[in-house]
Amino acid sequence: MSLWQKLKTGLSKTTSQITDGLKNFIGMQQLSAEQLQNIEEILIKADCGVQWSAEIIGKLKTMQMEERSDGMAVHHALSRLIEEQLAQYEGTMPFEYINKPNPEVIMLVGVNGGGKTTSLAKIAQFYKSRGDKPLLVAGDSFRAAAVEQLELWANRLGVGFFRKDDRADPAAIAYESYMQAKQRGYNKVLLDTAGRLHTKHNLMEEMAKIIRVLQKCNEFAPHQCLLVLDATAGQNAIEQAKKFAEFAPLTGLIITKLDGTARAGVVCQIVKLTKLPIIAIGVGESADDWQVFSAHKFANALVGLGDYDD
Ligand code: GDP
């Protein structure tokens, strides 16, 4: 299956919700106030957020819609507006540096169950396929299951794995894994972290300590700090984004489980709030169900348009 097909399949729950709503707009080029209101409701239902949806409708109102042979003028106009709003938040996994940090430290943060471990595995797979040598680091030593799951992924993908004893200090894990990566020639340190938000104060201290210690290894580490958010969590994901932004030096977002929600529009709310780039999105559970975020394809997939080879 091509990446585009995976994206389309992944987003299908949200897409069908939106396209069902837009069914009556096929063949239209002019929209009445009532019809604009209907479209606004469709966007809000998909969790795009009240404010964001109102902005889109404001623009749609004044937009000159093209006459189209496929009769999908409204779909195309909407897709273009969604893309315009999201394009500034397109991020990529940075892999071509002039002065490559070696090793580069990529730290994942987020609540438990959001998809951190799976996303780390997906990142490891991505880098491995580019010829890099990733080291997966079990930084949440308080969750035995998370450590085991990461080890399983490391074996499955054939990449390095680092762990310490149960309940070892996460900052010590970060430091030692960095040193081991340097010694053994791993050039990507992919660090898992704890996500117990209910102990926010401890988490804040723990995070600050990990960063202090990493900066002793390399003044720019962590080179990336990515927040993993579960799209099915809806408004909770937005709350999590607010809280993590308070104490983690976030550089980007990974939004997971877009295949499990009919409300993938939450992506629009999340970027509006955090102003952070989306580095990648998760559209399934396997290591390949992951892709760099393209505003163009995402917008087209949402409204049921487009056909791409890759
Ligand atoms: P962690 O606790 O944050 O490390 O979360 P995990 O990586 O263990 O993921 C929790 C569950 O979500 C697991 O069952 C994963 O297989 C699943 N998961 C992670 N990412 C995705 C995704 O993009 N789509 C789907 N459908 N499931 C996912």
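A polar contact is a pair of N or O atoms within 3.5 Å of each other. Keep that cut-off in mind as we walk through this predicted model, beginning with the ligand.

An oxygen atom of the ligand sits 3.3 Å from a polar backbone atom of G114, which is within the 3.5 Å limit and so makes a polar contact. R143 takes part through its side chain: one of its N or O atoms lies 3.1 Å from an oxygen atom of the ligand. With K257 we are back to the backbone, where a polar atom is 3.0 Å from a ligand oxygen. How much of the ligand does the protein bury? On its own the ligand would expose 580 Å², and the protein buries 82% of that.

Now widen the view to the whole shell around the ligand. There are 18 residues in it, and the ones that come nearest are G113, T117, T118, D259 and E285. Sorted by class, the shell holds 10 polar residues, six charged ones and two nonpolar ones. Which helix gives the largest share of this shell? It is helix α6, covering residues 116-129, and its share is four residues.

K257 deserves a second look. This ligand contact is found in the loop between β6 (252-256) and α11 (266-274). Its phi is positive, at about 60°, although K257 is not a glycine.

Other loops have a detail of their own, this time in the peptide bond. The bond from N102 to P103 is cis, with omega near 0°. You can find P103 in the loop that runs between α5 (73-87) and β1 (104-109). Further along the chain, A221 and P222 are also joined by a cis peptide bond, and here omega is about -5°. The loop holding P222 lies between α9 (200-217) and β5 (224-230).

Finally, let us see how some helices sit against each other. Two packed helices are described by the angle between their axes and the distance between those axes. Take helix α1 (residues 3-10) and helix α12 (residues 295-302): their axes come within 9 Å and cross at roughly 45°. α1 and α12 are therefore oblique to each other. Their crossing is right-handed.

The loop with K257 leads to α11, so let us end with that helix. Are α10 and α11 roughly parallel or roughly perpendicular to each other? The axes of α10 (residues 235-247) and α11 come within 10 Å and cross at roughly 20°. Angles under 35 degrees count as roughly parallel, and α10 and α11 are therefore roughly parallel to each other. The crossing of α10 and α11 is right-handed.

Conventions. Residues numbered from 1 in each chain as written. Predicted model: local features only at pLDDT ≥ 70, side-chain atom pairs only at ≥ 80, totals over all residues. Heavy atoms only, no water. Near = heavy atom within 4 Å. Polar contact = N/O pair within 3.5 Å; in protein donor to acceptor, adjacent residues only side chain to side chain. Areas by Shrake-Rupley, 256 points an atom, 1.4 Å probe, with all protein chains shown as cover. Helix = DSSP H or I, 4+ residues; strand = E, 2+ residues; numbered from the N terminus. Nonpolar A, V, L, I, M, F, W, Y, C, P; charged D, E, K, R; others polar. Axes fitted to C-alpha atoms, helices over the stretch in contact; angles between N-to-C directions. Parallel < 35°, antiparallel > 145°, perpendicular 65-115°, else oblique. Left-handed = near helix turned anticlockwise from the far one by under 90°.
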